[in-house]
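User: I would like a close look at one part of this model. Keep it brisk, and build outward from that part.

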Amino acid sequence: MKVLVANLGSTSFKYRLFDMETERQLARGGIERIGAEESPVTAEIAGKRLEKRLPVPDHAVAVRCCLDQLTDPELGCLKDAAEVSAIGFKAVHGGRISGVQRVTEDVLAAMEEMSSTAPAHNPPYIRAMRLLRQRLPGIPLVAAFETDFHRTMPDRNRYYAVPYEWAEWHVLRWGFHGASHRYIAARTAELLGRNDLRIVSCHLGGSSSLCAVRNGQSVFTSMGMSPQTGLPNNNRVGDFDPFAIPIVMAKTGWTLEQTLEALANKSGLLGLSGVGTDMRDIRQAAAQGNPRASLAIDVFTASIRHYLGACLVELGGADVVVFTGGIGENDAELRAVVCEGLEELGIVLAPDKNRQARGECDISDSRSRARIWTMPTNEELMVARQVRDLLQAGG
């Protein structure tokens, strides 16, 4: 069984193709600036690399371009597109619908109901899925919702202290980055040979969240009803008091929609630093004496430590703390500051191991009760596994 996993942005399409008999990645590629006069197209298939520019007007054409690459007589790894058993999507928010689902009109309608909650994610997925259902009817589409991994959270960590009936409108803490946290839980258990671990999964990147995992199941996570909550993200606000919104509107003259747009797209690390959304650029600016860049790093780090503490209390301590995501895997300085002064909590980083870490590495000191790891995540593989399991079960 071969599964194509699609990762969509508003003007981008990235894919990975897996042979699910062995879980081997056969190919990967992507297309940027969809809808422009020319779109950069890249692919890595069977050790060969392709780079070119093509007119790609929409996501359906992007998928067709991907399938053409995969079946190309010289470059490709498939004889026919029919070898693709399904296209899987790392869908974000379906509200009343979660889990792993065949994409139907009802699934798309549920995603549309939550578009205001996930404005950067749901609309491009909905548009692309509709186009693909029309233009590639022979290939099943499967949505693996990010919220599914957190369905095991106890009610005390799911409900807000608001009128109880609001929960019927899906006003709950849903949590996201489910595919990443699921992978970290499974891979950590595999590496340590235990299924009874207390894990704090720190997914830190353009979008960030922490998750407390007990026995392979999510029991607490930092994100709430929307991906705008929890830690500051690259351009999204993170935690924010809603009673500040009327003040912002009064001072700026903005509408509610304009205010929410600023919170979703002009806040986070970008809003604080004024530099950009890439932590490497922000660190460089801070090193050059930019006080706003330094503030952005400090606020981000303090928020990570805040939620790390919450995870430790929920779990009653940790057996493993894992840093993953683009920042978590690569920013040794951030990891050091996050773990600073936590010796009494059993978390002690080994400075040399931390500085030299690449890929999957145990970076904990011999004195540390909790093991501390850097670990690349593999969200696409988790989606491919979920798609395979659904198809094998006849779904």
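What is the order of the six strands in the open sheet, and how do they pair? Please take in the helices and loops around this part too.

Analyst: This is a predicted model. The six strands run in the order S11-S10-S9-S12-S14-S13. The sheet is open, and its pairing is mixed. Strand S11 (217-221) and S13 form the edges, each pairing on one side only.

Start with S14. Strand S14 (residues 371-374) runs parallel to S12, and four bridges join the two. Val322 stands opposite Trp373 of S14. Phe323 has Thr374 in S14 as its bridge partner. Strand S13 (residues 361-362) pairs with S14 in the antiparallel sense, over two bridges. Here Asp362 stands opposite Trp373. Trp373 thus faces Val322 and also Asp362.

Next, the helix packed on these strands. Helix H4 covers residues 178-192, 15 residues in total. From first C-alpha to last it reaches 21 Å, close to the 21 Å expected at 1.5 Å a residue. Of those 15 residues, 11 are buried, so H4 is largely enclosed by the rest of the structure. The buried set includes Gly178, His181, Arg182, Tyr183, Ile184 and Arg187. Ser180 and Thr188 also belong to it. The buried residues of H4 pack against three strands: S9 (198-203), S10 (209-214) and S12 (320-324). They also pack against helix H13 (379-392). After H4 comes Gly193, with a positive phi near 65°.

Now the loops. Asn215 lies in the loop between S10 and S11. Its phi is near 55°, a positive value in a residue other than glycine. Most residues other than glycine have a negative phi. Asn215 has a relative accessible area of 46%, so it is partly exposed.

Asn233 sits in the loop between S11 and helix H5 (245-252). Is Asn233 buried or exposed? Its relative accessibility is 0%, so Asn233 counts as buried. Asn233 touches Gly206, Ser207, Ser208, Met223, Pro227, Gly268 and Leu269, leaving aside residues up to four places away in sequence.

Two cysteines deserve a check. Cys311 is buried, at 0% relative accessible area. Its closest cysteine sulfur is in Cys211, 6.9 Å away, which is too far for a bond. Cys339 also counts as buried, at 5% relative accessibility. The closest cysteine sulfur to that of Cys339 is in Cys202, at 7.9 Å, again too far for a bond. The disulfide cut-off is 2.5 Å between sulfur atoms. By that rule the model has zero disulfides.

Helix H8 is worth a look as well. In H8 (residues 279-287), Met279, Ile282, Arg283, Ala285 and Ala286 are buried. These residues cover an arc of only 160° around the axis, which puts them on the same side of H8. Arg280 and Ala287 are exposed on the other side. The buried residues of H8 pack against four helices: H7 (268-273), H9 (291-315), H10 (325-330) and H11 (332-339). Just after H8, Gly289 takes a positive phi of about 95°.

Finally, the nonpolar cores. In soluble globular proteins, nonpolar side chains tend to be buried together. The largest nonpolar core here has 46 residues. Leu4, Phe13, Tyr15, Leu67, Leu70 and Phe89 have the most contacts inside it. Helix H1 (residues 59-70) gives the most to this core, with seven residues. Apart from this core lies another, of 37 residues, with Ala286, Leu315, Val338 and Cys339 among them. Ala286 is one of the buried residues of H8.

Back in the largest core, Leu70 is one of the residues with the most contacts. Leu70 touches Leu4, Tyr15, Leu17, Ala27, Ile45, Gly76, Cys77 and Leu78, not counting residues up to four places away in sequence.

One more loop residue has a positive phi. Arg33 lies between strand S3 (24-31) and strand S4 (39-45). Phi of Arg33 is near 55°, and Arg33 is not a glycine. At 44% relative accessibility, Arg33 counts as partly exposed.

Terms used. Residues are numbered from 1 along each chain as its sequence is written. This is a predicted model: local features need pLDDT of at least 70, side-chain atom pairs count only at pLDDT 80 or more; totals for chains, interfaces and linings use all residues. Side-chain values use heavy atoms; hydrogens and water are left out. The expected span of a helix is 1.5 Å times one less than its number of residues. Buried means under 20% relative accessible area, exposed over 50%, partly exposed in between (1.4 Å probe, protein chains only). Contact means heavy atoms within 4.5 Å. The arc is that of the directions from the helix axis to the C-beta atoms. A nonpolar core is a set of buried Ala, Val, Leu, Ile, Met, Phe, Trp, Tyr and Cys residues joined through side-chain atoms within 4.5 Å. Two strands pair if DSSP finds at least two bridges between them.
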